[in-house]
Amino acid sequence: MTVSRVFTLLEVWVVTRLIGLPIDFLDALMLESLTGAIRGAIFVVPVGIGVQESAFVLLGALFG
């Protein structure tokens, strides 16, 4: 479980760097943790279609 979280955190950090948003590890951790919480709370959406993407947009607009 922990190794999976670390790789997911690295994925978020690398992707944000590649698209030109230089965030640090703590910001990436916060973004990934809150996205996971939203994804877990919206379990009623079949297959979670669009939930993670919507969470990234919502959190990005909320935290800048």
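This passage walks through the helix packing, the nonpolar core and a handful of individual residues in a predicted model.

The first pair to look at is α1 and α2, which cover residues 2-18 and 25-41. Their axes come within 9 Å and cross at roughly 110°. That value falls in the 65 to 115 degree range, so α1 and α2 count as roughly perpendicular to each other. As for handedness, the crossing of α1 and α2 is right-handed. On the α1 side, the contact is built from Arg5, Thr8, Leu9, Leu10, Val12 and Trp13, and these meet Phe25, Ala28, Leu29, Leu31 and Glu32 from α2. Sorted by type, the residues of this contact come out as 8 nonpolar, 1 polar and 2 charged.

Moving along the chain, α2 also packs against α3, a helix that spans residues 51-63. Here the axes lie 9 Å apart and the angle is about 130°. An angle of that kind sits between the perpendicular range, which ends at 115, and the antiparallel one, which begins over 145, so α2 and α3 are oblique to each other. The crossing of α2 past α3 is again a right-handed one. From α2, the residues involved are Met30, Leu31, Glu32, Leu34, Thr35, Ile38 and Arg39; their partners in α3 are Val51, Gln52, Ala55, Phe56, Leu58, Leu59 and Phe63. This contact divides into 10 nonpolar, 2 polar and 2 charged residues.

What sits in the middle of all this? The largest nonpolar core has 6 residues, namely Leu9, Val12, Ile23, Ala28, Leu31 and Leu59. Two elements, α1 and α2, each give two or more residues to this core. In general, nonpolar side chains in soluble globular proteins tend to be buried together. Within the core, Leu31 is a handy residue to follow: leaving out residues up to four places away in sequence, Leu31 touches Val12, Phe56 and Leu59. Leu31 also turns up in the contact of α2 with α1 and in the contact of α2 with α3.

Glu32, likewise a residue of helix α2, shows up in both helix contacts too, meeting α1 as well as α3. Despite being charged, Glu32 is buried, since its relative accessible area is 4%, under the 20% cut-off. Once neighbours within four places in sequence are set aside, Glu32 is in contact with Arg5, Thr8, Val12, Arg39 and Phe56.

One of those partners, Thr8, belongs to helix α1. With 21% relative accessibility, Thr8 counts as partly exposed, because the buried class stops at 20%. Thr8 can also be set against Ala28: the two are 20 residues apart along the chain, and their C-alpha atoms are separated by 9.5 Å.

Further along α1 comes Thr16. Thr16 has a relative accessible area of 9% and is therefore buried. Not counting residues up to four places away in sequence, Thr16 touches Leu21, Pro22 and Ile23, and Ile23 is itself one of the core residues.

Next in sequence after Ile23, Asp24 lies in the loop between α1 and α2. Its relative accessible area is 40%, so Asp24 is partly exposed. Asp24 and Trp13 are 11 residues apart in sequence, while their C-alpha atoms are 7.3 Å apart in space. Trp13, for its part, is among the α1 residues that meet α2.

Finally, Val57 is found in helix α3. Although nonpolar by type, Val57 is exposed, because its relative accessible area of 61% is over the 50% cut-off. From Val57 to Thr35, 22 residues apart along the chain, the C-alpha separation is 9.9 Å. Thr35 is one of the α2 residues in the contact with α3.

How values were computed: Residues numbered from 1 in each chain as written. Predicted model: local features only at pLDDT ≥ 70, side-chain atom pairs only at ≥ 80, totals over all residues. Heavy atoms only, no water. Core = buried A, V, L, I, M, F, W, Y, C linked by side-chain atoms within 4.5 Å. Buried < 20%, exposed > 50% of the residue type's maximum accessible area, 1.4 Å probe, protein only. Helix = DSSP H or I, 4+ residues; strand = E, 2+ residues; numbered from the N terminus. Contact = heavy atoms within 4.5 Å. Axes fitted to C-alpha atoms, helices over the stretch in contact; angles between N-to-C directions. Parallel < 35°, antiparallel > 145°, perpendicular 65-115°, else oblique. Left-handed = near helix turned anticlockwise from the far one by under 90°.
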